[in-house]
Amino acid sequence: MDAENAVPRLLEFQRLIPDSVGIALRAADPADFLCWVRQRLLKYAAPNSPLLTDTNLARAMAFAWARAVWNGLAQCGLPLNAAGNRPRPMPEPGRNDPCPCGSGKPFQACCLPIPLMPPLTQEVLWPYVLANIPQAERDELLSSSRIPRAALIEFAAHLLDTCRHLEVIAALEPRLGTPERYYDEDTAILLHLLCEAYGLSPEGAPGKLELLRQTTERAPRSPLRSEAWQRLATIYMDRGDSDGAWSAFRNAQQDNPQADELCVLEVELLVAGHRMETAKQRAREWADTLSSQGVAADDPRIEFLTRMAVNPLDPVTYTVQGAGGPLRDWVLHVADRKPTLHRLTAAGPGPRCKLAAPPELVRIQQLWRDVFPLSKPFEAQDQPFDGDGIWEPRVEARWCEFLRQHPEAFDSLDILDDLATAVGRHAQAQSPWVDALLLTPLLTRSAALVDLACHGASEVVLPWSLEENRVALRALYRLFQQQVAGPDRDVAIATGRQLLRLNPADPHAVGAALANLTHC
């Protein structure tokens, strides 16, 4: 039984445990630590806790808590105080000794009858110990085998939550260097966390690939090797290597048929291969299987599978991993921004106009050019001649960090045009999830900005010959192409007619495509 279950609704343990461990590691002796607990415990009391009104209970709880933390840390075998002495457990008071709670009564007449709170377990304490000790001491401990893997998992997860991915890499790489020796479920979780950390590092891709290769080659059939195969399947899927992805999936399935995420991975592979009906069917089957095994309805896997069984391209369903993930996260973050009005200025006789960004966006676009290496497509082409490395992890991280710092870039037709071009060079550019999750939000935002700029004008022509207009017209043409391939022909026809009104010269031959659509 852990301390949190032993004393429910009394204390806010999420705050109390890390603070208690930090103070205990610096305390001179048990009495020093007990003094701190007695003075500060009520600051961690839960709302309406009986500790706030019952002073006797509060004193007893302070002693019990101090002993549980101190003795738990003593069992970790660490030097706790400034002198570097290995502490002994807090001594048990004699029956007639003054009670350590500070009541002034003999121990037998005060806290002795209260049920003993056992020492906090090493799994609970180690993550907070590692967070509080000097870096050199932490590195030494991490390179040893003294830390329980369950505690290491908690510590690594804490570091990821606080964006300290380089520390995760340093902590976990040594523990995963011998996959032929350690390959159980806990080690598989450590592999998962290390891969997450690699994914957050601009230079993590080579290390991640090498780790997965070594694991699949050296580990026996096990949960660890299955996790490595699952990760490789995702990488192959991101690269558009369908055969490699399915081969890795089957290997993962053979190594650990009960792996939690196999159901999600299989459905994602089916969607990436445009096998929508099969994806729906397998999602239903997986959801039924998990439910029959007693998995709760609010389990993330069942929630995912339930949505996929209805609509495999539901944007809510996906968390994009690998290349494109940061872009998807940014799009979700800025999706509700109110659009900024672009200016229409006269550019010749009649309704000929030029579409220009407001001054505040012009500066952002100039800065963008310094971090985004892809040039504009030539004339009516959809892609430029350069830019094959736009999705390399280091390059992607640089321009995605710019987007994260500048949410207003979602109002720039120029930047949205560049992003749509980049999506066209994604390894899975032809897959439906790239269309639905990356390209569609960019194009619909561009179309909304064009509509807002033209709203209220009786007639507007945006000649393609004016370079300033090309980002808007290219976005509408890309949207038209996407809609032509979709199920709603009327929507495609409406976008095509809008393009012809704005750009009667029609360098993209939209008129011919419209004629085919309207006569089908």
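The legends below accompany several views of one protein chain, which is a predicted model.

**View 1. The whole protein chain, with its 23 helices and 2 strands.** The radius of gyration of the protein chain is 30 Å, whereas the globule rule gives 24 Å for 520 residues, so the chain is more spread out than a compact globule. Measured out along its principal axes, the C-alpha trace spans about 105 × 50 × 45 Å. Of the 520 residues, 49% count as buried, and the accessible surface comes to about 25500 Å², with 52% of that area belonging to carbon and sulfur atoms. Among the contacts between residues at least 6 apart in sequence, 65% join residues at least 24 apart. The side chains of the protein chain include 52 positive and 65 negative ones, and the centres of these two sets lie 3 Å apart.

**View 2. Helix α15 and the helices against which its buried residues pack.** In α15, the buried residues are Arg 301, Ile 302, Phe 304, Leu 305, Met 308 and Ala 309. Because they cover an arc of only 160° around the axis, these residues sit on the same side of α15. Such a pattern can be read against the general geometry of an α-helix, which has 3.6 residues a turn, so that residues three or four places apart point the same way. Pro 300 and Val 310, on the other side of α15, are exposed. The packing partners of the buried residues are α13, spanning 262-272, and α14, spanning 276-292.

**View 3. Arg 301 and its surroundings within helix α15, residues 300-310.** Arg 301 counts as buried because its relative accessible area, 14%, falls under the cut-off of 20%. Leaving aside residues up to four places away in sequence, Arg 301 touches Asp 260, Glu 261, Cys 263, Val 264, Leu 290 and Val 295.

**View 4. Helix α17, residues 359-371, with its buried and exposed residues.** Leu 361, Ile 364, Gln 365, Trp 368 and Val 371 are buried in this helix. Their directions cover an arc of only 110° around the axis, which puts them on the same side of α17. On the other side of α17 lie Pro 359 and Asp 370, both of which are exposed. The cover over the buried residues of α17 includes α18, formed by residues 393-405, and α19, formed by residues 413-424.

**View 5. Arg 67 in helix α4.** With a relative accessible area of 10%, Arg 67 lies under the 20% cut-off and is therefore buried. When residues up to four places away in sequence are not counted, the residues that Arg 67 touches are Gly 72, Met 90, Glu 92, Pro 93 and Leu 116.

**View 6. Gly 350 in the loop between the strands β1 and β2.** The loop that holds Gly 350 runs between β1, residues 343-346, and β2, residues 353-356. Gly 350 is exposed, since its relative accessible area of 66% is over the 50% cut-off. Although Gly 350 and Glu 459 are 109 residues apart in sequence, their C-alpha atoms are 9.0 Å apart in space.

**View 7. Asn 48 and Ala 509, two loop residues with a positive phi.** Most residues other than glycine have a negative phi. In Asn 48, by contrast, phi is near 65°, and in Ala 509 phi is near 55°. Asn 48 belongs to the loop between α3, residues 30-40, and α4, residues 55-75, while Ala 509 belongs to the loop between α22, residues 489-502, and α23, residues 510-518. The relative accessible area of Asn 48 is 76%, so this residue is exposed, whereas Ala 509, at 43%, is partly exposed.

**View 8. Ala 157 in helix α7, residues 149-161.** Ala 157 has a relative accessibility of 26% and therefore counts as partly exposed, a class that lies between the cut-offs of 20% and 50%. Ala 157 and Pro 127 are 30 residues apart along the chain, and their C-alpha atoms are separated by 9.5 Å.

Conventions
Residues numbered from 1 in each chain as written. Predicted model: local features only at pLDDT ≥ 70, side-chain atom pairs only at ≥ 80, totals over all residues. Heavy atoms only, no water. Helix = DSSP H or I, 4+ residues; strand = E, 2+ residues; numbered from the N terminus. Buried < 20%, exposed > 50% of the residue type's maximum accessible area, 1.4 Å probe, protein only. Contact = heavy atoms within 4.5 Å. Rg over C-alpha atoms; globule rule 2.2 N^0.38 Å. Areas by Shrake-Rupley, 256 points an atom, 1.4 Å probe, with all protein chains shown as cover. Lys, Arg positive; Asp, Glu negative; His and termini not counted. Charge placed at Lys NZ, Arg CZ, Asp CG, Glu CD. Arc of directions from axis to C-beta.
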